[in-house]
Amino acid sequence: MKRNPRIKAALGSAFGLVLMAAGAVSAQEGGTVKSLAVPIPTELPPGDLGKTVALGRDIVNNTSTHPMSRQYVGNSLNCTSCHLDGGTNPKALSFLGAASVYPTFTPREKQTITLEDRNLNCFMRSMNGVRPPNGSEVSVAIAAYITWLSEGYPVKMSLKGPFGPNSQPSLKINPATADAAHGKTLYASTCASCHGSDGAGVGKFPPVWGSKSYNSGAGLAQNIKLATYLKNAMPLGNPNLSDKDALDIAAYVNAQPRPKFVLEEHMGKGK
Ligand code: HEC
Ligand code: HEC
């Protein structure tokens, strides 16, 4: 059968996408990203779309102070306090490729949610704030930024978390084995210089507990999720903890006081 050359080209590029997908999948399974199969975009789209993407990037980096987003934030964190390097760090809750798995079903909400909804959920929980309205300029700008960071990733519906192609698999360690007393000692020697012995943060280094931190409904408030994050991201610039030490520190940090999550208080005025 003869194929129209255009279809052939399309098939060729589809094959390229399969290869990229394979790279992304092995990143997820291997737990580390050796080399990114898809380059991180550097050039903004032209015109108004590019302006929206740039706005989203600015908001993600300065969420708690930006005039368009600060009213929705209830602590002193920015999205990039956790999603390191504006979400471009492939190991620390990466935004790279994240848009390619949405809409997706989440067990937490028992709903199929869009990327926009997912962003707004982090406002309610990780940012201890309220949801900006769906479709508002701030919400659309953040979604545009994350979609831009997902260029080149094939759309792939995900049936179970962790979701984005660069999300890190959960540590395989029983959370019940956590030793918070040992975690306290490690926190003092490994974390307190930046995050404070009272957890409130030092200078530009963000708080990890207390009234300005993430609330009890946040992903990181679960010891296994915080441990997985620490293993991949902390100490900043030199993540080197063993699985057990990461879990022990997570148990200590999450045993400290933080805002309590009550869903109704975080819904905002949007639909
Ligand atoms: C306190 C840390 C923290 C902050 C701050 C934070 N997030 Fe998150 N975010 C997380 C964690 C943890 C997850 C993964 C949650 C899980 O596995 O349930 C996540 C997941 C996400 C995802 C899903 C990624 C994927 O691969 O599916 C998106 C999108 C996201 N966050 C956007 C945002 C945006 C936008 C902001 C700022 C408004 C933000 N986050 C602020 C911790 C944070
Ligand atoms: C060299 C300083 C430094 C050290 C040491 C360090 N961190 Fe961080 N940490 C940071 C910075 C800076 C950020 C925010 C990144 C940003 O804004 O770009 C951060 C972010 C975090 C976050 C997510 C944001 C938040 O505040 O909730 C957690 C949780 C965290 N660190 C915990 C720890 C723990 C636990 C340790 C010890 C194992 C540790 N860090 C060691 C500097 C450090």
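Here is a short tour of this predicted model, stop by stop, with something to select at each one.

**Stop 1: colour by confidence**

Start by colouring the chain by pLDDT. The protein averages 88, and 86% of the residues score at least 70. Now select residues 1-35, where pLDDT stays under 50. For this stretch the model has 26 contacts beyond four places in sequence. You may like to hide residues 1-35 for the stops that follow.

**Stop 2: ligand 1**

Select ligand 1 and show what lies around it: 27 residues surround this ligand. Put labels on C79, C82, C122, G164 and G219, which are the closest. Next, colour the helices α3 (79-82), α4 (115-124) and α5 (137-148), the elements that give two or more residues to this shell. Which of them gives the most to the shell around ligand 1? That is α4, with four residues.

Try colouring the shell around ligand 1 by residue class, and you will find 16 nonpolar, nine polar and two charged residues. Then colour by domain: domain 1 (40-167) and domain 2 (175-254) each provide at least three residues of the shell around ligand 1.

**Stop 3: ligand 2**

Move on to ligand 2, which has 23 residues around it. Those that come nearest are C191, C194, P206, M234 and P235. Keep α3 in view and add α7 (192-195) and α9 (243-254); each of these three supplies at least two residues of the shell around ligand 2.

How many charged residues does the shell around ligand 2 have? There are none: the classes here are 17 nonpolar and six polar. With the domain colours still on, you can see that at least three residues of this shell come from domain 1 (40-167) and at least three from domain 2 (175-254).

**Stop 4: the cis peptide bonds**

Stay with M234 and P235 and zoom in on the backbone. The peptide bond from M234 to P235 is cis, with omega near -5°. P235 sits in the loop between α8 (223-233) and α9.

For another cis bond, select Y102 and P103, which are joined with an omega of about -5°. P103 lies in the loop between α3 and β1 (104-106). While you are in the loop between α3 and β1, look for L93 as well. Its phi is near 50°, a positive value in a residue other than glycine.

**Stop 5: a helix crossing**

Finish by showing helix α2 (residues 47-61) together with α5. Their axes come within 7 Å and cross at roughly 100°, so α2 is roughly perpendicular to α5. To view the contact, show the side chains of T52, V53, L55, G56, R57, I59 and V60 on α2. Facing them on α5, pick V138, V140, A141, I142, A144, Y145 and W148. By class, the contact of α2 with α5 is made up of eleven nonpolar, two polar and one charged residues.

How values were computed: Residues are numbered from 1 along each chain as its sequence is written. Chains are lettered from A and ligands numbered from 1 in the order in which they are written. This is a predicted model: local features need pLDDT of at least 70, side-chain atom pairs count only at pLDDT 80 or more; totals for chains, interfaces and linings use all residues. A residue is near a molecule or strand if its C-beta atom, placed from the backbone, lies within 6 Å of it. Ala, Val, Leu, Ile, Met, Phe, Trp, Tyr, Cys and Pro count as nonpolar, Asp, Glu, Lys and Arg as charged, and the others, Gly among them, as polar. Domain bounds come from an automatic or database domain assignment. Axes are lines fitted to C-alpha atoms, for helices over the stretch in contact, and angles run from 0 to 180 degrees between N-to-C directions. Angles under 35 degrees count as roughly parallel, over 145 as roughly antiparallel, 65 to 115 as roughly perpendicular and the rest as oblique. Two residues are in contact if their C-beta atoms, placed from the backbone, lie within 7 Å. pLDDT is the predictor's confidence in each residue, from 0 to 100.
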